[in-house]
Amino acid sequence: MDSATAAVFAKLSRLGDNERRVVLDRLEEQGFWRLLEHSPERLDMPSRLLTSKQRQLWMLDADEHNNGFYHCSTMWLVSARATACEMALCDVMNSSEVFHRRIEGHSESPVFVDVDPPPVKQVAPPQHVVDPLPWCIADAARRHNLPVLTTGAVADVVVYKLDSRRSAISLVGHDAYFDHQGLRTVLAPAVGRRLVGGRVQEGIRLSDFAHWQDANLKIGPLGRRVERRREEIAAVPPPPLEVTGDRTGVRHPVWTATPERQQHIRDRAANAGVSSAALLLAIWQFTLSEWDPAFAAVPIGSCTTARVRPELRDTLGNLANTCVVVPPEATDKLQMQPLDERRVRFFHRALQATISDVDLPFEMVFPARHGHVEDEQIGVRYTFVEYGEPTGMLNEVDVPVQTAKSALGCEVRWSHAGLEIWLDTRPSAIRGRDVACLAEMMAGRLEEI
């Protein structure tokens, strides 16, 4: 933060809440908010602050009674010896702040304490196992439910020795420390670089982001934007689902597409001047409201991450966020077809807005209907994950987890090999509704593109 911005922040900090709100509103009217904006920076001394999301997750799961629901796990297949993987993992963990921190204290006022990174364990499948990889996947799924918070950022880090040239790496952490995108796009490439002798050094740390967020929520435009967004969606209807209770999940395949068919979707979106993600979101929301009109105006949680900020691209930690997309039916009574230009452009603009909302913590924005706000209370979710071509030495392996993060979610995996779409649901939340019919309806809509 430059000295001029710091001086303005100091003046704002001395104002009362109401006075500060008036000043920020005046600055916005004059177009001066941008002068207060600054990016997260690396501090000389690491901050002891937790992010808003970390405090929320600590309060929700301080006793870890959720049996792995708030755990984040991943597994990679590696073309390297187990010993080399162990050394690379140790080096990366030593250079990443999140592995050196543990949250402790009362759920309302947690603090960080410094800890040593966890040891890396080498595990060899039993000799009688013919194909070791399925055994390792099953073992990683079992480890997903191990306690985490009492040990630090991760429950365990395991290197499985498949043979003399191949290994598998499994990491089970807690959502208070990690998100899956960070494990995939930050940790995996770092381990890969270390395996070939490259250097790894973290730039901006999660604690630097926590310090920046805290200052901006208290006395900067970020806090005022949270208030504004909260007011905008205060009247959104709740989902017609039971968002609490049994979290056991079921996956329903919807559609797969070859790269050629995927290119057709990309071309159709480009011709409409929108993104592929917006086109598929429009189809998902239309099909959902067609399946059950009670969902027509229900907000959708769009999963995103603060790593859209270039300076945070290499920050390891939980930077995930859920932004709220309010469908056009909430304000526009016109019946628009799924591929009408108005509808598709609406969701394109909505997804663009989520980028500007990525700094607004979901738990501070979304209406609190059940005490502490949890991501799952959004009820309906849309996740678009884009995978580039495999690079480096680590290839991700799916580990089956039996819980669904939301009651009803659509996930799109967009990769070089094609397109895959599925629904994740909780049978306990959608009793009496035919989810297979919903998946079939959406597949039919997709075929019409």
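## Exercises around Lys53

Leaving out residues up to four places away in sequence, Lys53 makes contact (heavy atoms within 4.5 Å) with Asn318, Ala320, Glu363 and Asp375. This is a predicted model, in which local features need pLDDT of at least 70, side-chain atom pairs count only at pLDDT 80 or more, and totals for chains, interfaces and linings use all residues. Residues are numbered from 1 along each chain as its sequence is written, and side-chain values use heavy atoms, with hydrogens and water left out.

**Exercise 1.** Find the helix that holds Lys53, then decide: is Lys53 buried or exposed?

*Solution.* Start with the helices, which are DSSP runs of H or I with at least four residues, while strands are runs of E with at least two, both numbered from the N terminus. Lys53 sits in helix α4, residues 52-61. Next, check the cut-offs: buried is under 20% relative accessible area, exposed is over 50%, and partly exposed is in between (1.4 Å probe, protein chains only). Lys53 has a relative accessible area of 15%, so it is buried.

**Exercise 2.** Describe the largest cavity and what lines it.

*Solution.* First, the rule: on a 1 Å grid over the protein atoms alone, a cavity is a set of points where a 1.4 Å probe fits but cannot get out, a pocket is an open set with protein on both sides within 12 Å along at least five of seven lines, and lining residues have an atom within 4 Å of a point. Grid points are joined across faces, edges and corners, and a volume is the space filled by probe spheres set on the points. Now the size: the largest cavity holds about 120 Å³. It has 15 lining residues, and Lys53, Phe209, Gln213, Ala320 and Asn321 are the closest to its centre. Two or more lining residues come from each of α8, β9 (320-325) and α13 (362-365).

Last, sort the lining. Ala, Val, Leu, Ile, Met, Phe, Trp, Tyr, Cys and Pro count as nonpolar, Asp, Glu, Lys and Arg as charged, and the others, Gly among them, as polar. That gives eight nonpolar, four polar and three charged residues for the largest cavity.

**Exercise 3.** Do the same for the second largest pocket.

*Solution.* Its volume is about 300 Å³. Of its 13 lining residues, Glu37, Leu222, Arg225, Arg309 and Asp359 lie nearest the centre. Helix α9 gives the largest share of the lining, three residues. By class, the lining has four nonpolar, four polar and five charged residues.
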